[in-house]
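Thank you all for coming. I would like to take a few minutes to walk through one model, moving from the whole chain to a few selected places in it.

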Amino acid sequence: MAPKHPSYNPKASMDNEHSPHHPLLPAPEDQFPATGNTSAIVSSTKWVLKLAMWVIFSVWMVVIFLYPSSFASHLFSEWFGASGQTLFGITGAIFLTFSAPLLAIAILAAVYLIISRDDQPYERRKKKKNGKEKPRWRLWTLPVLVEGPLEVVTAAELVGILVVLGYVFWALYSYTLRLLATDFSRNLTFLQISCEVLEVMGLRLGSMGLFCLGFLFLPISRGSVLLRLIDIPFEHATRYHVWLGHLTMLIFTLHGLAFVIQWLIQGRCIEQLLEWKDIGIANLPGVISLLAGLLMWITSLPKLRTINFELFFYTHQLYIVFVLFLALHVGDFVFSIAAGGIFIFMLDRFLRFIQSRRTVDVISAKALPCGTVELIISKPRSLRYNALSFIFLQVRELSLLQWHPFSVSSSPLEGEDRLAILIKVLGKWTEKLRGKILNDKAKEISSDKHQSVMTVSVEGPYGHESPYHLMYENLILVAGGIGISPFLAILSDILHRIRDGKPCLPKKILVVWAIKNSSELPLLSTLNVDSICPFFADKLNIDISIYEGEIQPSKVTSICPLSKGCNMSVLVGTGDNVWSGLYVISSTVGLVILVSLMDFYYINPFNIKKWWYKGLLFFLCMVASVVLFGGLVVCLWSLWEEHISSKRTTHNNVNDIEKVGEDIPKDTLAQKDLNPKAFANSTTIEYGTRPNFDEIVESVAETWGKVDIGVLICGPSTLQSSVAKAIRSHNMVRRRNHHPIFHFHSHSFDL
C-alpha cells in the first residue's frame, strides 16, 4: 500500500465526506458552525425565499402570456388608465407589472445566496438499501437534439425553447383574432384597410419584441445573481442569448417592415422615417435603433463571425446605441416593459467595467511546443473560483477592446495567490499573443536592458456556482486538443481534495483525449501527480485513453517570465455574496428614489410631455442609480477587500517566504515530456485513430454498473455532438436495467 501523506487523516476524511453541512469551498466562517436552532431558521428562511421567488415568477409569466388576449388587454387598459393620476403615472404601472417582478426576484435571490453561502453545493445521492447509488434521470443533462443549427440541446433546454415559441405563436394567434374581429369602415379601400392592418400588426410585433428584449440581456449578465441562483454558467447562458437574439431581431425586423410597407403604400416613406415626434412614437430614433440591431445581428451570424471575429466584436458594442435610441423611440412607459432585464445587465456591466480597469500581475508567460500559451496570473487570496471556472482576458498591447474567454487550468487548491490558463493559438489575436512572448524573449536574450511588458486585465472568474464535477462518483472527461485544460484543473482539484481529506465524491474517472499529434502530449505533464497526491490510487481510479491522429515530434518551448500590475479584482464572478447582494439591492432602491425625485420635482411640476425626452430621462435614471448608489457599495466593497487582503498578507508573510521555493515548480512544462510516472499504469495511446464513442459508452455501461455517470465534454461542436449522440442512443434506446445513466455536461468556450 502506498505511504500515507502526512496531512492525510482517514477519520477526518470520513467525517468530512459524510457531513451534510461541510462546504466544498471552505470559508473562514466555518470555524464557527451554526447551532441546530440557527440551521432550522436558515432552512425555513430559504424555503420561504424560494417559495416567494416561485410565486412571483409564476404570476409574472402568467401576466406576460395573458397580455395578448383581448380580455387581459381590457383589464390592463383599465389598470394603466387608473394609474395615470398617481405620482409615477402609467410608467410606474407598466414598470410594476412587467419589470418590477424581475428585480424583486433578483433581490430575493441576493438574500438567498447570502444565507446559502456555506451550504454544500452538491446534494448527497440517494442510496439503495444495499448501499449502491441510485441513478436518476435529469432533464438538464439528457441530450435530445444532437444535430442541427442549435447543436446539442438537452431536454430542459428543449422545454424552454417550446415555452418561448409557444408564447410567440400564442401572441400571434391572439393578435390575429383581435384583428379579424375589428370592424373596419366600409368606406375604406383595400389599400387603406391594408395600411390599417399593417399598422396594428406592426405595433403588436413591437410589443412582442419588447417582451423578448426583456429577457435578451439576462443570459449575458455574466455575474448576475439570477444566473448564480439557478446555477447556469455564462458559457451555457450565452447560447440562450444567441437564440433569443435571433428571435428578437426577427420580430423587430418584421415590426419595422410592417411600417415601411405601410408608408410606401401611402407614399410618405422618407417623411415618416425621418419624423421625430414629441408626443407619440418618434420614428427616427427607432430607425437608428433597428439599424444598430441589424448590424449586430448580421455580423453575429456563424459564418461571418468565423471569418472576422473582430468585426463581430466591435459591432456588438452598438448595443448601447440600440438600447438608448429604443428608449427615445418609444418613451419611458413603453420602454419600462423591458427595463428590468436591461437594468440587471447594467448592474453586471458596471461591475465588469470597474474590474477591468485594473491591470493584473502576470507571474509568467510561456510559449509551449504545441502552439499553446500558458499564463500564470496573480490573484488575491480572497478570490473564490472552482475548477470549472473561466476568465475573460485582455492584453492591451494587442487590443484595447478585445476580451477573450479562457478556461482555468489550475485547481483553486493549488495556490491561494495565482491561477493558470492555457491558450491555444487558433486566430489572429492568439497568434499575436504567442508572437509577442517569443519576440520579448528574443529581445531579452539579445539585450540585457530589455524588460518584457505585458499589460493584462481580467474579468471573472465565471462559471458554475457549484462545481458539478464533484456531484458524481463516476466521471468521463472527453477532451479535444486544448479542451484538456479544464480537465487538468478538475483532476488537480480532486487529487488535492483526496490529499487534504476534503469532501470528494469522484472515485472512478475515465479521460478520453483526442489530439492531432504528439506535440500536445506535454500538456498532460502540467498535472504533477507525485507532488500533489502520490497515494491517490488508494482512493481514486483514473484511466486515460489518448487518441492521436498523427505522429509528430515536439518542438522547443520558449519561456518568458514577466511581472506587471497587481492582483485581480474580486468584484464579479463568484465574489462575495454579501457585497454583491448589497450592490443589487442598493442600485434597485436607488432607481426607485431617482425616478421618484424626478417625477416629484421635475416631470409633474413642469408638465413634461415629450415621450422621447421622458424616455431619455428614465434611461439616465437607470444609469445614475447603478453608478451612484451601486458605485458607493462598490467603493466600500473595494476598501473592505483591500483591508482583508492586507491583513491576510501580513498574517501569511512569513509562510509565503518559506514557500516561495516550493510554490513555483523547478520543472517547467518546457523541460518535461509526458510524465512516465504520473499515470503510467493507466494510460493508453492509440495512433492514427479517433475515439468511437458508441463503443466507449457501451463498454463503460457493462463494466461500471447501475450508477450515475457524469460525462463532461470540452472541445469542438463536432466532438460534443458525437458524444451527445452516443449518450442519447444509450439512454433512450439501448439502456438495460443494470446499466448506468449518462449525464451530458458541455464545457464549451465558443463565446
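What follows is a short tour, beginning with the overall picture and then going helix by helix and loop by loop.

Let me say at the outset that this is a predicted model, so that everything I describe was computed from predicted coordinates. The protein has 751 residues, of which 52% are buried, and its secondary structure comprises 22 helices and 16 strands. If we take the contacts with a sequence separation of 6 or more, 81% of them are between residues 24 or more positions apart.

A concrete case of such a long-range pairing is L102, which is found in helix α5. The C-alpha atoms of L102 and G340 are separated by 6.1 Å, although their positions lie 238 residues apart along the chain. Once the neighbours of L102 within four places in sequence are set aside, its contacts are W60, L218, L226, G340, G341 and I344. Is L102 buried or exposed? Its relative accessibility is 5%, and because the cut-off for buried is under 20%, L102 counts as buried.

The helix that carries L102 deserves a closer look. Helix α5 runs over residues 100-115, which gives it 16 residues, and it reaches 23 Å from its first C-alpha to its last, close to the 22 Å expected at 1.5 Å a residue. Twelve of those 16 residues are buried, and α5 is therefore largely enclosed by the rest of the structure. Among the buried ones are A100, P101, L103, I105, Y112 and I114.

Let me turn next to the internal voids. How many cavities of 30 Å³ or more are there? The count comes to four, and I will concentrate on the second largest, which holds about 70 Å³ of space. Its lining is made up of 13 residues, and those nearest its centre are W60, F98, G214, I337 and A338; W60, you may recall, is also one of the contacts of L102. As for where the lining comes from, α2 (36-66), α7 (190-216) and α15 (339-356) each supply at least two residues, with the largest share, four residues, coming from α7. In terms of chemical character, the lining of this second largest cavity has nine nonpolar residues, four polar ones and no charged ones.

Two further helices are worth setting out in the manner used for α5. Helix α11, residues 283-299, has 17 residues and reaches 24 Å between its first and last C-alpha atoms, close to the 24 Å expected. Its buried residues are N283, P285, G286, S289, A292, G293, M296 and T299, and what covers them includes α9 (234-266), α10 (269-273), α12 (302-307), α13 (309-315) and α14 (319-335).

Helix α22, residues 717-734, has 18 residues and reaches 24 Å from first C-alpha to last, close to the expected 26 Å. The buried residues of α22 include L719, V723, A726, I727, H730 and N731. The cover over the buried residues of α22 includes strands β1, β10, β15 (708-714) and β16 (741-746), together with helix α21 (693-704).

From the helices I move to the loops, where two residues have backbone angles that I would flag for discussion. E151 has a positive phi of about 60° although it is not a glycine, and E151 sits in the loop between β1 (143-145) and β2 (153-154). With a relative accessible area of 36%, E151 is partly exposed. N607, also not a glycine, has a positive phi of about 55° and lies in the loop between α19 (577-603) and α20 (611-663). Its relative accessible area is 49%, and N607 is thus partly exposed.

A third loop residue, S466, lies between β9 (456-462) and β10 (474-480). At a relative accessible area of 11%, S466 is buried, and its C-alpha is 9.6 Å from that of P233, a residue 233 places away in sequence.

Finally, a word about the cysteines. C195 is buried at 6% relative accessibility, and C269 is buried as well, at 13%. How many disulfides does the model contain? The count is zero.

That is the end of the tour, and I would be glad to take comments.

Conventions
Residues are numbered from 1 along each chain as its sequence is written. This is a predicted model: local features need pLDDT of at least 70, side-chain atom pairs count only at pLDDT 80 or more; totals for chains, interfaces and linings use all residues. Side-chain values use heavy atoms; hydrogens and water are left out. A disulfide is a pair of cysteine sulfur atoms within 2.5 Å. Buried means under 20% relative accessible area, exposed over 50%, partly exposed in between (1.4 Å probe, protein chains only). On a 1 Å grid over the protein atoms alone, a cavity is a set of points where a 1.4 Å probe fits but cannot get out, and a pocket is an open set with protein on both sides within 12 Å along at least five of seven lines; lining residues have an atom within 4 Å of a point. Grid points are joined across faces, edges and corners, and a volume is the space filled by probe spheres set on the points. Ala, Val, Leu, Ile, Met, Phe, Trp, Tyr, Cys and Pro count as nonpolar, Asp, Glu, Lys and Arg as charged, and the others, Gly among them, as polar. The expected span of a helix is 1.5 Å times one less than its number of residues. Contact means heavy atoms within 4.5 Å.
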